[in-house]
Amino acid sequence: MNEQKKDVIDLTEVWKLLKTKKKVFFIVLPIVFVLSCLYIFPQPRYYRCSVKLAPEITGENAAGGLSSLASQFGVNLGGASQDAIYPLLYPDVVSSNEFVIGLLGINVKSVDGLVNTDYYNYMAKLQKKNPITAPFKKMMRSVTKLFASKDLPSPPNKGTGMSAFRMSKKDSELLDQIKSNISCDVDKKTEVITIKVEDQDPLVCATMADSVRNHLQTFITKYRTNKARVDVEHYEKLAKQSKREYEYCVREYSAYCDANQDVMLQSFISKRDELENEMQLKFNAYSAMRTQLEAMRAKLQEKTPAFTTIESATVPVKPAGPKRIIFIFGMCFFATFVTALWLVRKQLFTKA
């Protein structure tokens, strides 16, 4: 019993001890408050814009109904579509280097009209920085460069000509920064796609959110219709070739008939019938290719997915962060907790 009593913390004694050390709090809290203000107030504001899409859900196999039922419980059976890239993989598509590089050439404008350039230059050269922390970050980069190993020679392509196969370290870091600003989430139950973009300028933020939506739709459309588009191009070539062969046979048959109108010899009649039959065969082949071409075009239209925009891009009015007041109060609360823990460390961690 005595040992159990010794292990119990007397909160009354702890509170009395903290009251006797209140001068420490009067010293620590103002310092933390001032340092928090110096850090958070020069921090650039950022805005957030979100777009929501509802993609067309295909059910081309017998498991479609079961997959739809399972999705209501947050389970994806992977049988609702025959696509290799189904909605749950869209976040991986948006975060891929090839997709992000496709966004670098988009023209963006700031809300005040002072910036009018492509997205690459905007992110690489026109980002606002915290003037308090910028010198320290620059110093840290200079120090790390002294100990860093030699980088490989930079590729010649820059900006919108950047290659995902080979890029410089600077471009790789820029892509990572853009990826952190762009997020794509898919609801497992409804498969609604939510695209969020953060940026320091509200107009650029809304422009990029709409551009990401457009690029994602284009990517999905190209992927789903790739086989059908190849078939359409193939049958277009066959139809054109069949038409040329048919027109050639028509000209040859017409010329032969015009040159031998009054000839009644059997050899000439047989030659005419042969040309006529050849012309008919070419016409049948051309007609079949035209029919097949129209069927492939209909299939291409059927494969083209439809998207419903549930929430379109809107220029945000209020900044999404940083939450300055919350940050300051959070730092003060954390400093109070750490200081109190330090002052009563003997009562808490020292056994009698």
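**View 1. Two helices share a positive surface patch in this predicted model.** Helix H2, covering residues 11-20, and helix H3, covering residues 22-40, each contribute at least two residues to the positive patch. The patch itself is formed on the surface by the side-chain-bearing residues Lys16, Lys19, Lys22 and Lys23, and of these, Lys22 lies in helix H3.

**View 2. Four strands are arranged in an open sheet.** Following the sheet across, a reader meets the strands in the order S4-S5-S1-S6, and the pairing between them is antiparallel. The edges are taken by strand S4, residues 182-186, and by strand S6, residues 307-311, each of which pairs on one side only. On average, and with direction ignored, neighbouring strands of this sheet are turned by 25° against each other. As a general point, the strands of a sheet pair through backbone hydrogen bonds, in either a parallel or an antiparallel manner.

**View 3. Strand S4 is joined to strand S5, and a loop lies between them.** Five bridges link S4 to S5, the latter spanning residues 193-199, and the two strands run antiparallel. Within this pairing, Cys184 stands opposite Ile195, which belongs to S5. The loop between S4 and S5 contains Glu191, a residue that has a positive phi of about 60° although it is not a glycine.

**View 4. A salt bridge connects Glu198 with Arg48.** In general, side chains of opposite charge can pair when their charged atoms come close. Here the closest N and O atoms of Glu198 and Arg48 are 2.6 Å apart. Because Glu198 lies in strand S5 and Arg48 in strand S1, which spans residues 47-55, the pair ties together parts that are 150 residues apart in sequence. The structure as a whole holds eight salt bridges.

**View 5. A cis peptide bond leads from Gly321 to Pro322.** The omega angle of this bond is near 0°, and Pro322 is found in the loop that runs between strand S6 and helix H13, the helix being made up of residues 324-343.

Notes. Residues are numbered from 1 along each chain as its sequence is written. This is a predicted model: local features need pLDDT of at least 70, side-chain atom pairs count only at pLDDT 80 or more; totals for chains, interfaces and linings use all residues. Side-chain values use heavy atoms; hydrogens and water are left out. Patches are made of residues with over 30% relative accessible area and no salt bridge: like charges are joined within 9 Å, nonpolar side chains (Val, Leu, Ile, Met, Phe, Trp, Tyr) within 5 Å. Accessible areas come from the Shrake-Rupley method with a 1.4 Å probe; for residues, only the protein chains shown count as cover. A salt bridge is a side-chain nitrogen of Lys or Arg within 4 Å of a carboxyl oxygen of Asp or Glu. Lys and Arg count as positive and Asp and Glu as negative; His and the chain ends are not counted. The place of a charge is taken as NZ of Lys, CZ of Arg, CG of Asp or CD of Glu. Two strands pair if DSSP finds at least two bridges between them. Axes are lines fitted to C-alpha atoms, for helices over the stretch in contact, and angles run from 0 to 180 degrees between N-to-C directions.
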